[in-house]
Amino acid sequence: MRNRRQFLAAGARLGIGALVAGALPGVTFAAAPGGRPFVVVILRGALDGLSAVPPYRDPDYATARGPIAIARPGDTHGALDLDGFFGLHPAMPLLQERYRAGELLIVHATASAYRDRSHFDGQNVLENGGDRPSGTASGWLNRALGALAGRGIDGLALGQNVPLILRGPVPVTSWAPSRLPEVEPELVTRLRDLYSHDAILSARLDEATQIEALADDEKPTSPAMSDANAAVSNGNVAMADGNAAMSASAPVGGAAAQPNAGGYQRLKLIAQTAGRMLAAPTGPRVAVFDATGWDTHAAEGAGEGQLAARLGGLDGVLDALRSGLGAEWSRTAVLVCTEFGRTVQVNGTRGTDHGTGAAAFVLGGAVRGGRVLADWPGLGERQRYEGRDLRATTDLRAVAKGLLRDHLGIGDSALNDVFPGSERVPATRDLVRA
Amino acid sequence: MPVIVDAMTQAAIAANRFGFGARPGDLAAAASDPRGWLLAQVRSPYQAPPELDGLASSKDILAGYLRARRERALEKKAASQGVASDQTLKLALIGLGKQLQPYYMEQAAARTRAVLASDASFRERLVHFWSNHFAVSVDKQICLGTAGALENEAIRPRITGRFADLLLAVETHPAMITYLDNQRSVGPHSDLGLRAARRFAEPTAGKLGLNENLAREILELHTLGVDGGYSQADVTTFAAVLTGWSIGGGEGRFADGEPGTFQFRANLHEPGAKTLLGRRYGEDGMAQGRAVLADLAAHPATARHLATKLVRHFVADDPSADLVDRLARIYLAHDGNLTQVYSALVHWDGAWQKDARKFKQPHEFIYSALRAFEVTPRDPKVLLSSFDVLGQRHWSPGSPAGWPDREADWDGADALMKRIEWSVALSDHIGDSHSARAAAGAALGPLVTAHTQKALEDAASGSQALTMLLMSPEFQRR
């Protein structure tokens, strides 16, 4: 007998959105035909944009950066050249390929409306889309989905929980790979009844069953993923057997977003699955995930070292997303951003402290790339913000508004509700192909 | 606001809202005086739980780690002269993490066992609360060895005394010093800073200097709070105050001193009087930093920050302003005595509403489930795998802000599905040895609704009934 899960998976495979919609109460994925995938990647911890995208020809760069300066293109561990002034960190050759293919746009010296130096407030502003850390309980990506109303669940967070950027009145869901056996549909039905007086839990249960069906169908079949599944799908792991694959023995991390020795291996699998889900006819339209570990206060490294390892991991994660999207990549835009930048001057422990202006990446087949968008303020002491940070000359909200308007088709007036208080921050033009 | 009169309901709230859930028999023990039952846990003199016996000290763990790092540095040096291969270096780096991993496992397993066996789980909740307030995260390699030691050595013995003492113990613990990179922060005019400046004629980019990480997070996270009224200049000045707060047995010119212990390095300390938050602190070596910490602990912004976090944790996401005001006043009136603050919290009627208002965090759910069924897996890997699967490994919040503490941070759709999967696995393991109805009564008492009661009775099997209990709204919230 086919259970509900197989039934849903079949529906998703055949692209029968109406069938899926009828099969579950409440909610469904049903991206309108023509909806273009949009992904936001948040680099938590404040990425050092001056190392990720070194302005190697700036006259003050090498002096200010001393032991952590990225060498010039052509030198050992030198930058990968972009436009003769900016380069990419040498750990990101795949991104350089995208740049050359005209699919990567870099925004430099950019920041949200936030001008202090707390990670946590900075992330709040980056995600709530306002100009203050508190007072806005929803995220701008959720409000953007609201402006596209009427299409069911379009928002997916990769991870167990939903980050602020995607929280809000519009129903969204979350997904992360599981190590435990699937839940029987019969139990789900009973739990739905158990939650009939509980609005939040019943909504979450419906959202979860929806995405689970799609995840079953869109699981990557690469050997790596199969191994990962086989290693962990072995029943009763929570209590009874001492299955070492349960990874309490893994050296570091364990949360999806934490890099490991292999460089974000788990996040790569998640990104690839996310790509497949986005590409599915009944899949979500927007997705968001995190990568952590960018707070390089000490021993940051230059062409090699701590930051280089993370950037190499990120390079692979973004490529995994691309490969998961397959042909849909050509219609996709991805925004990779961080809460703020880091100090221009290297600090006393060969790292950098919290700063202001940062770098952001906009990539995807839909992006008008192959260029660096920067009103470069310079790195001299007088050119810096408060004498220490890269000055922010491009408002990150302008970039996000440009993507929402021209990629997702959200009107200008709605954008000012998505980013309250941004009336004087016009959407950046020409970020995506017509 | 409904006033609770029923003693068993109060006992269930005491065990679940303030503790890590009831073990069989706990509700009966608490019912005669639920508030007194909670407060007795924090008024009794400190005694380390026996589950922590035999754990290695941070000093021993760090000394071994630092020795291994030095050896690695020597290998690196050899490699640069063409002796060792890149492969050797890679192995050495992985080896460092592997060396610390067993300590992490032991500490995390001991912590879990202490909670599962505890008669004083309100106290254990407070240990977790403060450990999260002063979070270090094991995604930084060195913290694999030190995170549990910070909790056991600096935090556990001091959570019922003055906050100032807790604060000083944490900020001088090698775990915090190294997590926030202070051990090599050098004052530009210190002996070492001046010597380095003389040696390198040009501006000393990155040679030696301040690192402001520890100073910023003390102000923002540990004491005043982000809106506590400090400026970037205060952060930088405080960083200068804290120069010299280091550990012994580091690399190169930081090699002296007892390895793995706190060490004040006078030759790194930025000399001179400093003005912070409008107050002038004369030059006094390490005592300058002690004086700043003492003033921060007594600051009204700190009182409000701590009160807000406590109320958010134990009562509701959006704390009642009345209660926060009250706790902050009591904190200031009693010289930061934390037991006085806990007592005011426990005696606040608004904290005893029957409707649970917080969705349990993963660790709270796991602890309460295992306590309800008195299950303690013997194999540490199995014991700890639950925290991994449900997304909250011990001491791994990923940032010094610690784990977030609002419902929306934890009630994702996928998080719920993972809890269902995990509950099925636990229920299968328990099998028919427990009746769901009896377990519901023992864990939740009168908090179980008729709707849930009926769902348990209608379940297809004993094991399914246990899953339904674990996943019921009453069990998922506290």
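How many bridges join strand 1 of chain A to strand 8 of chain A, and in which sense do the two strands run? The legends below deal with this and other views of a predicted model.

**View 1. Strand 8 of chain A beside strand 1 of chain A.** Six bridges join strand 1 (residues 38-44) to strand 8, and the two strands run parallel. One residue to find here is A:Val40, whose bridge partner in strand 8 is A:Leu335.

**View 2. Strand 8 of chain A beside strand 9 of chain A.** Strand 9 covers residues 358-363 and pairs with strand 8 in the antiparallel sense, over three bridges. A:Leu335 appears again in this view, where A:Val362 of strand 9 stands opposite.

**View 3. The two faces of strand 8 of chain A.** In a regular strand, side chains alternate between the two faces of the sheet. On one side of strand 8 are A:Ala333, A:Leu335 and A:Cys337, and on the other are A:Val334, A:Val336 and A:Thr338. Both faces are covered, with these residues all buried. Because six of the six residues of strand 8 (residues 333-338) are buried, the strand is largely enclosed by the rest of the structure.

**View 4. The surroundings of strand 8: chain A as a whole.** Chain A contains 14 helices and eleven strands. Of its 434 residues, 61% are buried. Taking the contacts in chain A between residues at least 6 apart in sequence, 72% join residues at least 24 apart.

**View 5. The contact between chain A and chain B.** Chain A supplies 71 residues to this contact and chain B supplies 68 residues. On the side of chain A, the elements that give two or more residues are helix 4 (61-65), helix 6 (119-128), strand 6 (172-175), helix 8 (185-194) and helix 9 (199-218). Helix 9 of chain A gives the most, with eight residues. By class, the side of chain A that touches chain B has 33 nonpolar, 25 polar and 13 charged residues.

**View 6. Domains 2 and 3 of chain B.** Chain B is divided into domain 1 (7-45 + 318-352), domain 2 (50-179), domain 3 (191-297) and domain 4 (362-476). The contact between domain 2 and domain 3 takes 20 residues from domain 2 and 16 residues from domain 3. On the domain 2 side, helix 4 (58-80), helix 8 (163-171) and helix 9 (174-179) of chain B are the elements that give two or more residues. Helix 4 of chain B gives the most to this side, with nine residues. The domain 2 side is made up of eleven nonpolar, four polar and five charged residues.

Conventions: Residues numbered from 1 in each chain as written. Chains lettered and ligands numbered in written order. Predicted model: local features only at pLDDT ≥ 70, side-chain atom pairs only at ≥ 80, totals over all residues. Buried ≥ 20, exposed ≤ 12 C-beta atoms within 10 Å, placed from the backbone. Helix = DSSP H or I, 4+ residues; strand = E, 2+ residues; numbered from the N terminus. Pairing = 2+ DSSP bridges. Contact = placed C-beta atoms within 7 Å. Nonpolar A, V, L, I, M, F, W, Y, C, P; charged D, E, K, R; others polar. Domains from an automatic or database assignment.
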